[in-house]
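Hello,

Here is the structure I promised to pass on to you. Please open it next to this message, and then read on for what turned up.

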Amino acid sequence: MEQKQKGIFYNLVIVLLLLIFQQLASAVGRFVANAFTYNWIDQDGIFAWISVHHIVQMALALLAVGIIRKRLKVNFGFCFGNIRAGIKYTMIFSMVIFIYVLVSYYIGYANHSIQAYEYPLHCKNVIGTLGFQLLLSGPSEEILFRALPITVLIYSLGMGRKTKKLHISIETMLAAFLFSLAHINWVLKPFVIQVDWFQLIYAFILGICYGFVYEKSESIVYPMAMHSISNVLMVGVGYVFFILQSP
């Protein structure tokens, strides 16, 4: 019993350290992004700042991956892995998410409830936002929130132990939980927490999907692609339906 309790405490510490590192990487990304001005390229402030933030966040995650891989001799999936499985699950996910996004925006369009954007939809803004979602959102977030925590947790907890009913590893579920926590907006002074429960649940479900494919394909490439495709569809289809709704 004593040894089991020590194991539980050790694993809780690992999860806490992962959470702290993820929050720290994001905070450093914000700090660096705030050091620059972007009026020359992004007058509306919708893609340049977040691009720098995600580049810094990804660089810190890669640094952590490099250090851990060297010390523990573990594989973080920076390869094509099981190509057949990776492509199959990426295609299935892409079709499902496309149908979901299409139906969601069509309902909004039919009810005239699609909200106006806070920025004009001219060529630069459309290309900038979609470019960020395609090139940076998936790679940056999947390294920090999938490859790093799942690999570290598998090393800590065991070899991808599955839940009995869902056949999803505990490591994937914990990583998805940490991913959903990253979508909580909070500040220290004054201490304020803003929670969008739909966004938290949505992020958790997507985190499960990305983590499942990461383990099945043994590659982070396919979750990166899935993440980017999901975000591009969500933003791009939203643009299309907003333009259709506009008088």
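To get your bearings, in which loop is the place of His112? His112 belongs to the loop between helix 3 and helix 4. Please keep in mind that this is a predicted model.

**Two loop residues with positive phi**

His112 is a good place to begin, since its phi is near 55°, a positive value in a residue other than glycine. With a relative accessibility of 64%, His112 counts as exposed. Now look at Lys73, which you will find in the loop between helix 2 (48-72) and helix 3. Lys73 is not a glycine, yet it has a positive phi of about 60°. Its relative accessible area is 68%, so Lys73 is exposed.

**Helix 4**

Next, follow helix 4, which runs over residues 123-157. With 35 residues at 1.5 Å a residue, helix 4 should span 51 Å, and this agrees with the 48 Å between its end C-alpha atoms. Try looking along the helix for a kink: there is one of about 45°, centred on Glu142. Is helix 4 largely enclosed or largely open? Because 26 of its 35 residues are buried, helix 4 is largely enclosed by the rest of the structure. Just after helix 4 comes Gly158, with a positive phi of about 145°.

**On to helix 5**

Between helix 4 and helix 5 (170-181) there is a loop, and Ser169 lies in it. Ser169 has a relative accessibility of 1%; buried means under 20%, so Ser169 counts as buried. What does the side chain of Ser169 make a polar contact with? Its partner is the side chain of Glu215, at 2.3 Å.

Helix 5 itself has 12 residues. From its first C-alpha to its last it reaches 17 Å, close to the 16 Å expected at 1.5 Å a residue. Its buried residues are Glu171, Thr172, Ala175, Ala176, Leu178, Phe179 and Ser180. Phe179 is worth a second look: Arg146 lies over the face of its ring, at 4.5 Å from the ring centre.

**Aromatic rings**

There is another charge over a ring to find, with Lys88 over the face of Tyr89 at 4.7 Å from the ring centre. As for rings that pair with each other, the count comes to 11 aromatic pairs. Take Tyr106 and Tyr109: their ring centres are 6.4 Å apart and their planes meet at 40°, so the pair is tilted. Both of these residues lie in helix 3 (residues 83-110), three residues apart, which is about one turn of the helix. Tyr109 has a relative accessibility of 30% and so counts as partly exposed. Tyr106 and Tyr109 also belong to one aromatic cluster, together with Tyr105 and Phe241.

**Cysteines**

How many disulfides does the structure hold? The number is zero. While you are looking at cysteines, you could compare two of them. Cys123 has a relative accessible area of 57%, so it is exposed. Cys209, at 28% relative accessibility, counts as partly exposed.

If you would like a short route through the model, start at the kink around Glu142, go on to Ser169 and its contact with Glu215, and finish at the cluster of Tyr105, Tyr106, Tyr109 and Phe241.

Enjoy exploring, and best wishes!

How values were computed
Residues numbered from 1 in each chain as written. Predicted model: local features only at pLDDT ≥ 70, side-chain atom pairs only at ≥ 80, totals over all residues. Heavy atoms only, no water. Helix = DSSP H or I, 4+ residues; strand = E, 2+ residues; numbered from the N terminus. Expected span 1.5 Å × (residues − 1). Bend = angle between axes of the 7 residues up to and from the residue. Buried < 20%, exposed > 50% of the residue type's maximum accessible area, 1.4 Å probe, protein only. Polar contact = N/O pair within 3.5 Å; in protein donor to acceptor, adjacent residues only side chain to side chain. Phe/Tyr/Trp six-rings, centres within 6.5 Å; stacked < 30°, edge-to-face > 60°. Lys NZ or Arg CZ within 6 Å of the ring centre and 35° of its normal. Disulfide = S-S within 2.5 Å.
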